[in-house]
Amino acid sequence: MGRMTADDWPPGFFDRRDGGDDADFYLPPRFVTHIDEGAVAAVAELYDELGVPDGSVLDLMSSWVSHLSSRPGDGLTVLGMNRAELEANPLADRVVVQDLNVDPVLPFEDAAYDAVVCCVSIDYLVDPVAVLRDVRRVLRPGGVVVLTFSNRCFPTKAVRGWLSTDEDGRVAIVRAYLERAGFADVTTALRTDRRSSGDPLYAAWARSG
Ligand SMILES: C[S@@+](CC[C@H](N)C(=O)[O-])C[C@H]1O[C@@H](n2cnc3c(N)ncnc32)[C@H](O)[C@@H]1O
């Protein structure tokens, strides 16, 4: 497969090497951090800048850590695949186990959240635009969606298009996901120092209209 650009998702883009059930892959809990300390700090700093901890927050594809600097004022819902990880998340008020690749519809009311975040996980979704359209529905007007990612992943579970491009290509892919889901004014940025040898932390965010 040739180099992907965000504007053409050819057949096979959303295929994965491991097409098996995500529930099997995520059955064993992984109490690890998937990015280094500097990248984790960059996530928390961006959330603070965007006021994420000030309202009600949904952390999609979450685990035992949500990288927030403080407990969100109006509660934190964590949604992911592994119940033990989610229940160990010290900031979480509500835990939801749901496979977004089986059911991309979020089990929440319209306009329920001020912020929806998803850290180092967007590359595992086989229909990210469907999920992000539903993120728009559950966000309050003016609410923010924040997607962060690095250069590491579980390669058997990431979509082929993601693995077939470079870091700039992935920024373009995530921007395109958000735009196709109906988010306008998407901002993208590298939030770690380009000269650092640590994990890079890229982000894309947008406010709901
Ligand atoms: C690399 S980990 C990142 C976890 C956490 N967001 C973090 O920053 O450490 C990927 C996470 O995506 C979740 N995940 C993977 N596939 C999923 C799916 N199909 N539906 C919902 N969550 C999924 C897993 O539960 C796992 O916790």
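**Exercise 1. Determine which residue of strand 5 stands opposite Y113, and how strand 4 is placed in the sheet.**

Solution.
Step 1. Y113 has L139 of strand 5 as its opposite residue. Strands (E, at least two residues) and helices (H or I, at least four) are DSSP runs, numbered from the N terminus. The model is a predicted one, in which local features need pLDDT of at least 70, side-chain atom pairs count only at pLDDT 80 or more, and totals for chains, interfaces and linings use all residues. Residue numbers start from 1 along each chain as its sequence is written.

Step 2. The pairing of strand 4 with strand 5 is parallel and runs over 6 bridges; two strands pair if DSSP finds at least two bridges between them.

Step 3. Strand 1 also pairs with strand 4 in the parallel sense, over 4 bridges. Here L60 stands opposite C118 of strand 4.

Step 4. Strand 4 is largely enclosed by the rest of the structure, because 7 of its 7 residues are buried. A residue is buried if 20 or more other C-beta atoms lie within 10 Å of its own, exposed if 12 or fewer, and partly exposed in between, with C-beta atoms placed from the backbone.

**Exercise 2. State the strand order of the sheet and identify the helices that pack on it.**

Solution.
Step 1. The sheet is open and consists of 7 strands in the order 3-2-1-4-5-7-6, with mixed pairing. Strand 3 (94-97) and strand 6 (187-190) are the edge strands, each pairing on one side only. On average, neighbouring strands are turned by 15° against each other, direction ignored.

Step 2. An antiparallel pair is formed by strand 5 (residues 139-149) and strand 7 (residues 202-207), over 6 bridges. Within this pair, F149 stands opposite Y202.

Step 3. Helix 2 (residues 37-49) packs on the sheet and touches strand 4 (113-119), strand 5 and strand 7; its direction makes about 165° with that of strand 5. Helix 4 (residues 128-138) also packs on the sheet, touching strand 1 (57-60), strand 4 and strand 5, and its direction makes about 145° with that of strand 5. Contact means that the C-beta atoms of two residues, placed from the backbone, lie within 7 Å. Axes are lines fitted to C-alpha atoms, for helices over the stretch in contact, and angles run from 0 to 180 degrees between N-to-C directions.

**Exercise 3. Is M61 buried or exposed, and which residues does M61 touch?**

Solution.
Step 1. M61 lies in the loop between strand 1 and strand 2 (76-80).

Step 2. M61 is buried, because 22 other C-beta atoms lie within 10 Å. Not counting residues up to four places away in sequence, M61 touches G80, C118 and S121.

Step 3. Phi of M61 is near 60°, a positive value in a residue other than glycine. Most residues other than glycine have a negative phi.

Step 4. M61 is also one of the residues that come nearest to the ligand, together with G80, M81, L100 and C119, out of 17 around it. A residue is near a molecule if its C-beta atom, placed from the backbone, lies within 6 Å of it.

**Exercise 4. Describe the setting of D185.**

Solution.
Step 1. D185 belongs to the loop between helix 6 (167-180) and strand 6.

Step 2. Phi of D185 is near 55°, a positive value in a residue other than glycine.

Step 3. D185 is exposed, because 10 other C-beta atoms lie within 10 Å.
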